[in-house]
Structures are given as structure tokens and as C-alpha cells.
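The questions below take up the pairing of charged side chains and then the way in which the copies meet. Each answer ends on the value or name asked for.

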There are 2 protein chains.
Amino acid sequence: MTESKQSTTLDRQSPASAPGRHGPLPAPAEPYDGHEAAVILERTRASVDPELRRAIDTLPDSMRRIARYHFGWEHADGSPAAGNAGKAIRPALVLTASRALGGRQSAAVGAAAAVELVHNFTLLHDDVMDRDTTRRHRPTAWTVFGDADAILAGDALQALAQRLLAEDPHPASGAAAARLAACVVELCAGQHTDTAMERRGPHEVTLDEVLAMAEAKTGALLGCACALGALYAGADEADVEALDAFGRQAGLAFQLIDDVIGIWGDPSRTGKPAGADLMARKKSLPVVAALASGTPAAADLAELYREPYEEGGLERTVLAVEQAGGRDWAQSQAADRMARAMQELSRAVPDPEAAGGLLALAEFVTRRTT
Amino acid sequence: MTESKQSTTLDRQSPASAPGRHGPLPAPAEPYDGHEAAVILERTRASVDPELRRAIDTLPDSMRRIARYHFGWEHADGSPAAGNAGKAIRPALVLTASRALGGRQSAAVGAAAAVELVHNFTLLHDDVMDRDTTRRHRPTAWTVFGDADAILAGDALQALAQRLLAEDPHPASGAAAARLAACVVELCAGQHTDTAMERRGPHEVTLDEVLAMAEAKTGALLGCACALGALYAGADEADVEALDAFGRQAGLAFQLIDDVIGIWGDPSRTGKPAGADLMARKKSLPVVAALASGTPAAADLAELYREPYEEGGLERTVLAVEQAGGRDWAQSQAADRMARAMQELSRAVPDPEAAGGLLALAEFVTRRTT
């Protein structure tokens, strides 16, 4: 499936892929405008999408149909759709980490696709478990095909990810497969903790628990993506671990911001109904921080989370989380996690120019709403 | 996880594992008494169970608890249980196929455990989808831990299977991982077809469809188990494919017999309520054959399958399947599939003595009720 790796679109479009060069990247001190990250993500999609489509095309009809719907390539009736397969942050981290450590980006396209397949397998399953009905502005797969088919398509995508790596002749593919499999186990444990927490009372969940859950559920795969990029660049173990830690901390920052978006984000941009996380009484990071604040607003919030919503209840809940400091806490935690991420990155990639792409991606995920 | 492969219990107990020997096996012409298969299965459990337990022990607490319950090693409250982790037919096929082609059995123990993990991942998920409440005489995992945890534990077992292979230094482990991943995709498609068929009317399903479904859902993994054994023995491609075909045909025979047991089996031995497949209106192989028979009993059966059960309905349905020839058809089909399996086996392993173990296992799965 991945045996003939030609020069990818990503390589061809980027003059930066010439050996020994890492530019043209802005120095990290320059004001952030998101342009570089947008370019990286666009180039990632251009190189990884064909690999993903090739992989999905190997599935039997029944599984392919569900996968193509989930990726936004087809409507439920099988007709072609414009496609909105997500931002491709995880595959971008694989390719950019590989490049930061001197690897050939094109060699890691299969690994990048494998990480994206794992991400999408978890989305398919999480949506079933969480009964989420909307994903990327469209009805979730289980609402269209039923629980069984969404579970099966997720299972097939996990297998496909491992098949891509097992058939990849790159010397790092075995280590990458082991690392990705270990990451899936961590993702499962994180999702378990998440669903188990939802059954507990608002005051029975600590901030440490919810941060650990977010690291397992979100940080682990972003860390794994960076570690796979490092493995494909032939990096030593210390650098692979530093890249993993960079991705984990950036992932935690990402989750903190994502939870902020889940409450205060613009539904037309997020694709989720406004305040959906609050309506579902989710113990997201800003909510747990707010509940733990000991403020009068925390008591209001606890009360609001206990009772069924009344008219105007959503607005009052949003306000209570904000007044109890949940939003400020989440944003400052995100900044703290980003600082730790930078520290890990500079350990493995001391040259700021070489680190530029990863920095840009980390900035992108944590600043995308401000 | 599998880096230090010591001599296994299976090797230590069996004088037959000395290089260049395949005995002490009865010649295939001897009357079948199930003894040899029982010995192989017992030895397989003795060598593969510790590997499985080691692998499961690497899981985080939450996932390990569900997995240990599912394997029958723990009660729901976490206290130790006597354990009934299944017959270990699939891992026995891996080890026995490897030995039949001159491989060292102990080298394939990790691969055998990986196949068993995949089998159990599919059981966990299938039970959720099929709403089956009993497995191996115990409540299924989803009835104890909920759907979400059963799905997650299944996901984790699939990942663990791939991790075992990715960390296995054996030269065949990469090819085995690719083959096992491809097999998982086929299993998913088979389960999809199975659940989709249940939504169709009794006369809208053909025998060919239901046979193809059974090959994907059951034959594929038994074929894969044999193929992995061949890969670990360093067999050439033709022999790997012949062993896969042997396992597929034996698997189809197994499924035919399993469906017979699902209707006429002794609940105290099967661990399933009597006639559960009929109560659930499953379009199992004997039922579809009976419906397609054009006999008066077929018309009775179609009528019984359309209406809610009345008093005595189960007994009348069992009788109708039998009178319409469903049982005879399934048993003769099973014999036919076994003949094809033998043909494939003799292609790859012409020496009857070397093929003895695989023959004994194939006989075991198809004769275990007669």
C-alpha cells in the first residue's frame, strides 16, 4: 500500500524541502498570524489525503462507504461531497516533526496517514459512546448508519492504520507501529475515564483527574504523532521522547482551548451547537476548574449542573463558568502547557529555525479562537 | 513484550518438539477420538495463556479489568475466577501450522496470542452489536460494564494484538501484522453483512450470501491463524496461501457446525440458552438452507420467523428447520468444506505425519457435537 513513495505534492510545492534547509520560516519571535501553520496544514492535506484515500479504497464496499462518509468525501447516499476531513493537525505534526529532525517528509506520509486513521477511528467510536450527533457540521456516522456500522468502521480504520505501517518498508515502521498501538490503548483508557467521570457528581471530580484524562485522551495522540515523525527521521530515543512530550503538552493546551471553544466558540466555525458541552453536563476543564474555585459562582454552577435546564439556563451556566474563573484558568493553563511544550521542543530541536514549523502548529492550535 | 522467548511449557512438555520430528501423532487413518486435538489445545493454552496474561497486564487498570473479566480470569468485582478463556482453537492453529511447516512452535507464541486477542476483540464488539447477554456461561462484558467500556476494551485488545507483533523481533512479524490487520477488515465486513442480513426478510437472503458472510466472519480469522503459523515457519507464499485456504474452509465447516449447535446443542455445554439463535430470528446457515428448500416445512418456518413466538413456538421452529433439511444440509456442507480443507492442506504439507496436528484440530472443530 505504501511501497512506492514518490515525491509528494508537499515536497514539490515547498522550496524548503531541499536538503539542509529548514526555511523559509519566520523566526518564532515574529508576531503570530497563523499563515505558516495554514500553509503547513494545506500542504499536509495535499500530500496525506491521496494516501488516506488510497488506503480507504482498499476497504470492502460496506466499510469504505461509512469511512468515506465520515471523512466528508461522500454524502450518505454515496454521491461525492466537497469534503471536510478535518484540519489534519496530527499528520502535520508527523511530517513537521520528521522535517525538524532532518528526515524526509515524503518518507513519513504513510505514518502521517496512519495517525489520521487512528484519530478518525476514535472519533467514530467516541461519537457512538457520547451519543454526539454532529461532527464537522454533519450528522455523525452512527446517526446515519447505526451504532453497529459506526463501531465496525472504526475497527476497520484502526486495522487499516496498522496495515499501512506493517506494509511500510521504512526501517522505523515497526517501532512506529508499536508506539501507535500503545497510544491507542492510552486513548481508550482516556475515553473510559471521560465517560466514567460523566456518571459522577460535579464535586466528585478533581482538576488533576480531568487533566490526566485530557492528557490520555488528547495529548497522547498528538505526542505520538510527533514521536512518529522523530522515529521516521531516525532520531535517538531521547529526542523521540522529547518530541512526544512536546506533543502531549501542546495537546493538553489544545484540549484546554477546545473546551473553551465548546462553551464560548462560534457554532458556525466549530460545527457544534453553542454550549453543547454544558447542555450535556460535560465536566470539561473550564467547568471543573470553575466548580473547584470556591466562588459564589461555583455554587451557582453546581446548582445549575444538578437540575434540568430551564429557559435561560444555558446563558446562566456560561456566565457562572466565566465568573468562577473557568475561562481564565483554562487559558492560563493552556499558556503554561505551551511553555512546557516549547521547553521540550528546544531540547530536541535547539535550532529555532528547524523548530519553526512545530512552533507554528502549536501556536495555531492554541490561538485559533483568540 | 515478546523479546525474551524462553522455551515454552508446550515445548517442554512435548517430546515431539525435538528438531526433525513430528510425532507422536496417530496416522490420519486412525479412528478419530479427539484425544490428539485435546492434547494440542491443552498445550496451546499452557504456552499461550501466560503470554496473553502478560500482554493484558500491560493495559491500564480500567481496560485490564474488563479484559480480565472477559477472559474469565476475574469476576466482575475483580476477585480471581477459575477461568474459561475459550478453547484456544485459533492460537492452536498458529502453533500447529508453524510446526507442520517445520517452524519452532515457541517462536510463534506471540503471534498465537495476537490472533487470540483479535478474536476476543471481535467477541467483545459483536456481543455489543448483537445484544448477546451470555458468553462462555457468563454475562457478556457489556452487560456488566456497559456498552462504552466493552467497545473500548475491544479497541484496546486490537491495539494490543498489533503491539505484540510490532514488538516481536521475529523476521515474519511485519508480514504477520499486515495479514492480521487485513483480516480484521474482513471480519468487520463479515459482521456488517451479518447485522445487515438480520434486517432483511427471511426470503431476501441467499445461501451464497450467508456462506460468503460466514467465510468473512469466521473463516478469515482461522485462515489467518494458519497463514501466520506458516509465515513464522518461513514458508513460501504458495504454502502460506494454501494454509490460509485450509483454515478458511475448516472455519466454514466450524461455523456450519456452530450454527447446528446453536439450534440443537446442549446449553450446559455451549453456554448459550437453547435455541437462542432461533429466538433472535438469526438467519444462520441451517435456517437459510431450510428456508431455501422449497419444502412445506420451509413455508412453516418462514411463517414462524415472521410472527412473535407463542407457547411452543421454539420447539416448532426447531422441528421445521430439521424437517426442511437445514440440519442435514449444514452437516453435509461441513463435510464438503472439510474435504476442501484437506485438499489445501495436502498441497502445502504432503507428509500426513506432519499434517496430523492440523487435521486433528480440523476434525475436532467439525466433530465436536457428533
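Q: In this predicted model, does B:Glu303 count as buried or exposed, or as partly exposed?
A: Exposed residues must lie over 50% relative accessible area and buried ones under 20%. B:Glu303 has a relative accessibility of 41%, so this residue counts as partly exposed.

Q: Which residue meets B:Glu303 in a salt bridge?
A: Both partners lie in helix 14 (residues 296–306) of chain B, three residues apart, which is about one turn of the helix. Their side chains meet at 3.5 Å, N to O, and the partner of B:Glu303 is B:Arg306.

Q: Which residues of chain A do shared salt-bridge partners join into one network?
A: Side chains of opposite charge can pair when their charged atoms come close. In chain A, salt bridges that share partners make one network of A:Arg179, A:Glu186, A:Glu215, A:Glu241, A:Asp244 and A:Arg248.

Q: How many residues apart in sequence are the parts that B:Asp194 and B:Lys282 tie together?
A: The two residues form a salt bridge, with the closest N and O atoms 4.0 Å apart. B:Asp194 belongs to helix 8 (residues 173–198) of chain B, whereas B:Lys282 sits in the loop between helix 12 (276–279) and helix 13 (285–291), so the parts that the pair ties together are separated in sequence by 88 residues.

Q: Is B:Lys282 buried or exposed?
A: The salt-bridge partner of this residue, B:Asp194, counts as buried at 7% relative accessibility. The relative accessible area of B:Lys282 is 18%, and since buried means under 20%, B:Lys282 is likewise buried.

Q: What kind of axis relates the two copies?
A: Chain A can be laid on chain B with an RMSD of 0.0 Å by a turn of 180° and a shift of 0.0 Å along the axis. The copies are thus related as by a two-fold rotation axis.

Q: How many salt bridges does the rule find across the interface of chain A and chain B?
A: The area buried between the chains is about 2,700 Å², of which carbon and sulfur atoms give 75%. Eight residue pairs are in polar contact between chain A and chain B, both residues at pLDDT 80 or more. The number of salt bridges across this interface, however, is zero.

Q: Which helix gives the largest share of the side of chain A that touches chain B?
A: Helix 3 (61–70), helix 5 (109–130), helix 7 (147–166) and helix 8 (173–198) of chain A each supply at least two residues of that side. The largest share, 12 residues, comes from helix 8 of chain A.

Technical notes:
Residues numbered from 1 in each chain as written. Chains lettered and ligands numbered in written order. Predicted model: local features only at pLDDT ≥ 70, side-chain atom pairs only at ≥ 80, totals over all residues. Heavy atoms only, no water. Least-squares fit on C-alpha atoms with pLDDT ≥ 70 in both. Buried area = accessible area lost by both parts, 1.4 Å probe. Polar contact = N/O pair within 3.5 Å; in protein donor to acceptor, adjacent residues only side chain to side chain. Helix = DSSP H or I, 4+ residues; strand = E, 2+ residues; numbered from the N terminus. Buried < 20%, exposed > 50% of the residue type's maximum accessible area, 1.4 Å probe, protein only.
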